[in-house]
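Subject: The structure I promised you

Hi there,

Here is the structure I said I would pass on, with my notes underneath. Please have it open while you read, and turn it around as you go.

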Amino acid sequence: MKTYKTRQREIILSLFEKYPDRCFSAKDIIENCDINVGQATVYRTLTKLSEEDMLRRFRTDGGCDYYKLACQNTGDCHMHIVCRKCGDMIHSDCDFIDEMTRHLADAHGFLLDTSRTVIYGLCKSCTGENK
C-alpha cells in the first residue's frame, strides 16, 4: 500500500504527536482543534493512520472510535485500559502487568505485545465511584 504524505495527513498526525498521551475521536478533531481539514478527510486519514500502525484505535460501547499515537518501539510501550463508556484511557505500566507478561511467557510460551493490548471496562467516573 502506497502512503501519500498530504498536508492534511501531516496536520492530523502532528496533532497526535503534540499530545502523545491523549486520545481523540474524529469529532474531537473536527470540532475542537484548530485545523482546517474536512470531515471526510479526517475520517479517511484516521483510518489510514491506524491501518499503518501510526495510531491505535479504541472503540467504546457506544461505537465511538478514539485514536491515540501508537508506540513506535520507543521503549515506552505499555498496556492500555480504556473505558467502554467515555473512552478515557489509562496507561498501565505497573508491576502487575510486568508480572502477568512474565507469567504468559514462562507458563504459556506467549509473548504479549503490551503496546497493542487493551483492557476494556468502566472508569471510576462512569461507575459513579468518584472517591
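Let's begin with helix H4, which covers residues 95-108. Helices (H or I, at least four residues) and strands (E, at least two) are DSSP runs, numbered from the N terminus. The expected span of a helix is 1.5 Å times one less than its number of residues. H4 has 14 residues, so it should span 20 Å, and the 19 Å between its end C-alpha atoms agrees with that. Just after H4 comes Gly109, with a positive phi of about 65 degrees.

A word on the model before going on: it is predicted, so local features need pLDDT of at least 70 and side-chain atom pairs count only at pLDDT 80 or more, while totals for chains, interfaces and linings use all residues. Residues are numbered from 1 along each chain as its sequence is written, and side-chain values use heavy atoms, with hydrogens and water left out.

The overall picture

The protein has five helices and six strands, and from the N terminus on they run α-β-α-α-β-β-β-β-α-β-α. Of its 131 residues, 34% count as buried; buried means under 20% relative accessible area, exposed over 50%, and partly exposed in between (1.4 Å probe, protein chains only). I also looked at contacts, meaning heavy atoms within 4.5 Å. Among those between residues at least 6 apart in sequence, 52% join residues at least 24 apart.

The cores

A nonpolar core is a set of buried Ala, Val, Leu, Ile, Met, Phe, Trp, Tyr and Cys residues joined through side-chain atoms within 4.5 Å. The largest one here has 15 residues, and the most contacts inside it belong to Ile12, Phe16, Phe24, Ile29, Val42, Leu46 and Leu55. At least two residues of this core come from each of helix H1 (7-18), helix H2 (26-32), helix H3 (39-51) and strand E3 (65-69). Which element gives the most to this core? That is H1, with four residues. Another core, of five residues, lies apart from it and includes Cys23, Phe58, Tyr66 and Val82.

Try clicking on Phe16, which is buried at 0% relative accessibility. Leaving aside its neighbours within four places in sequence, Phe16 is in contact with Phe24, Ile29, Leu46, Leu55, Tyr67, Lys68 and Leu69.

The rings

Rings of Phe, Tyr and Trp (its six-membered ring) pair if their centres lie within 6.5 Å; planes under 30 degrees apart count as stacked, over 60 as edge-to-face and the rest as tilted. By this rule there are two aromatic pairs. Phe16 and Phe24 form an edge-to-face pair, 5.3 Å centre to centre and with 85 degrees between the planes. The rings of Tyr19 and Phe24 have centres 6.2 Å apart and planes at 65 degrees, so this pair is edge-to-face. Ring pairs therefore link Phe16, Tyr19 and Phe24 into a cluster. Within it, Phe24 is buried at 1%, whereas Tyr19 is partly exposed at 33%.

Tyr19 has a charge for company too: the charged end of Arg22 sits over its ring, 5.5 Å from the centre. For this, NZ of Lys or CZ of Arg must be within 6 Å of the ring centre and within 35 degrees of the ring normal.

Some residues to visit

Is Lys68, in strand E3, buried or exposed? Lys68 is buried, with a relative accessible area of 6%. Its C-alpha atom is separated by 7.2 Å from that of Asp21, although the two residues are 47 apart along the chain. Beyond its neighbours within four places in sequence, Lys68 has contacts that include Phe16, Asp21, Arg56, His80 and His91.

Arg56, in strand E2 (residues 55-59), is buried at 12%. Its side chain makes a polar contact with the side chain of Asp53 (3.4 Å). A polar contact is a pair of N or O atoms within 3.5 Å; within protein, one must be able to donate a hydrogen and the other to accept it, and residues adjacent in sequence count only if both atoms are side-chain atoms.

Asp53 itself is in the loop between H3 and E2 and is partly exposed, at 31%. Its phi is near 60 degrees, a positive value in a residue other than glycine.

Happy exploring!
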